[in-house]
Amino acid sequence: MIRNGHGEASGAKRPGPRARRAVRVWCDGCYDMVHYGHSNQLRQARAMGDHLIVGVHTDEEIAKHKGPPVFTQEERYKMVQAIKWVDEVVPAAPYVTTLETLDKYNCDFCVHGNDITLTVDGRDTYEEVKQAGRYRECKRTQGVSTTDLVGRMLLVTKAHHSSQEMSSEYREYADSFGKCPGGRNPWTGVSQFLQTSQKIIQFASGKEPQPGETVIYVAGAFDLFHIGHVDFLEKVYGLAERPYVIAGLHFDQEVNHYKGKNYPIMNLHERTLSVLACRYVSEVVIGAPYSVTAELLDHFKVDLVCHGKTEVVPDKDGSDPYEEPKRRGIFCQVDSGNDLTTDLIVQRIIKNRLEYEARNQKKEAKELAFQEAMRRQEAQPEREIDCDF
């Protein structure tokens, strides 16, 4: 059970009436297949100031520099806006971050993770702002990346459900997928995410429901937390004047039972952080029972139970998991107007499999070339190194 904040970013200090000028922070990126690593970067950036502005690149810019995105720019804009630490989203942000952009939005500095972002010709996209001293760095979240998630979907195995040793099939594909001449493999992060109480505290606010708030319960896998989930939760949030939304997340084994294949793509700990980052969710129940029981409804004093338009699979005994809330007259089916599912995302990936593989291999090669150039430059400081690859 984890409580989450919405509205003001949790943990952020608000200046008083006579306080200093608000510090405005800039972040930018593709934010394709948004995961808790992206959310954690934005959380850290928001903590460095008072107002966080996030620029999101267009499909055209991403295709030019990295390869085809999985989600459309409109989907990515809305996905970023749903992250609770984001105050403002700037669509069609330039791929290269300049002082002109920071000045245009009155930002004091920009924040990026401690990884490398390069243009199509191998140049650091933050070079100008770094030289001007208007660049800050935050820690990259270990154990997750878009490359990793794409691989989990393509491999159709369950190796990511636990920290157990990868299967021979998983390892064989991991050794070939995106591996570059230098031997660095993007799969080293697979199944390496370790949940801690500190990480949960950082994502959650601990707010309890207040008198007059409507407690709304939703349950599901919320796997690969995506824009379909966001649209659903936004609709649920809008059902009450003062909503307090509780999301129940099913155990991995439960999800695999009713979805099969290699689902869930993200394990329970990963899914927990992804949902906690959403501004429409107030609390998360980790490992919620599949059937919404009377005990659960009474414990959380639930006023309304909602489910989307997806199929409701009967419980293992053949019963309706929503039987009790229906009996009480508090069940509501919500149409989000978005038919995107985790299955459809996987289909997008598989359809463009070769393109995504090529994209990841290209990214690895560019990063290694850039790192090698930096090493040569540090070894021979008196010489200028041409980084135009």
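In this predicted model, strand 3 (residues 51-56) runs parallel to strand 4, and four bridges join the two. Within that pairing, isoleucine 53 faces glutamate 88 of strand 4. Helix 3 (residues 73-81) packs on the sheet here, touching strand 3 and strand 4, and its direction makes about 165° with that of strand 4.

The two strands belong to an open sheet of five strands with parallel pairing and the order 4-3-2-5-6. Its edges are strand 4 (88-91) and strand 6 (135-138), each of which pairs on one side only. On average, neighbouring strands of this sheet are turned by 30° against each other, direction ignored. Helix 1 (residues 36-47) lies across strand 2 (24-29), strand 3, strand 5 (109-113) and strand 6, and runs at about 140° to strand 3.

Helix 3 also takes part in a salt bridge: arginine 76 pairs with aspartate 59, with 2.7 Å between the closest N and O atoms. Arginine 76 lies in helix 3 and aspartate 59 in helix 2 (residues 59-65), so the salt bridge ties together parts that are 17 residues apart in sequence. Arginine 76 is buried, at 1% relative accessible area, whereas aspartate 59 is partly exposed at 24%.

Further along the chain, strand 7 (residues 214-220) and strand 8 pair in the parallel sense over seven bridges. Valine 215 has tyrosine 244 in strand 8 as its bridge partner. Together with helix 9 (residues 227-237), strand 7 and strand 8 make a right-handed β-α-β unit. Strand 8 also pairs with strand 9 (residues 283-286), again in the parallel sense, over four bridges; there leucine 249 stands opposite isoleucine 286.

Strand 8 (residues 243-249) is mostly covered, with seven of its seven residues buried. Pro243, Val245, Ala247 and Leu249 point one way from the strand, while Tyr244, Ile246 and Gly248 point the other way.

The model has 15 salt bridges in total. One of them joins lysine 326 to aspartate 320, the closest N and O atoms being 2.8 Å apart. Lysine 326 is partly exposed, with a relative accessible area of 43%, and aspartate 320 is partly exposed at 29%. Another salt bridge links arginine 328 and glutamate 324, with their closest N and O atoms 2.8 Å apart. These two residues are four apart in helix 13 (residues 323-328), which means that about one helical turn separates them. Arginine 328 is partly exposed at 33% relative accessibility, but glutamate 324 is buried at 17%. Both belong to a network of salt bridges that links Asp298, Glu324, Arg327 and Arg328.

Conventions. Residues are numbered from 1 along each chain as its sequence is written. This is a predicted model: local features need pLDDT of at least 70, side-chain atom pairs count only at pLDDT 80 or more; totals for chains, interfaces and linings use all residues. Side-chain values use heavy atoms; hydrogens and water are left out. Two strands pair if DSSP finds at least two bridges between them. Axes are lines fitted to C-alpha atoms, for helices over the stretch in contact, and angles run from 0 to 180 degrees between N-to-C directions. Contact means heavy atoms within 4.5 Å. Buried means under 20% relative accessible area, exposed over 50%, partly exposed in between (1.4 Å probe, protein chains only). A crossover is right-handed if, with the strands pointing away from the viewer, the path from the first strand over the helix to the second runs clockwise. A salt bridge is a side-chain nitrogen of Lys or Arg within 4 Å of a carboxyl oxygen of Asp or Glu.
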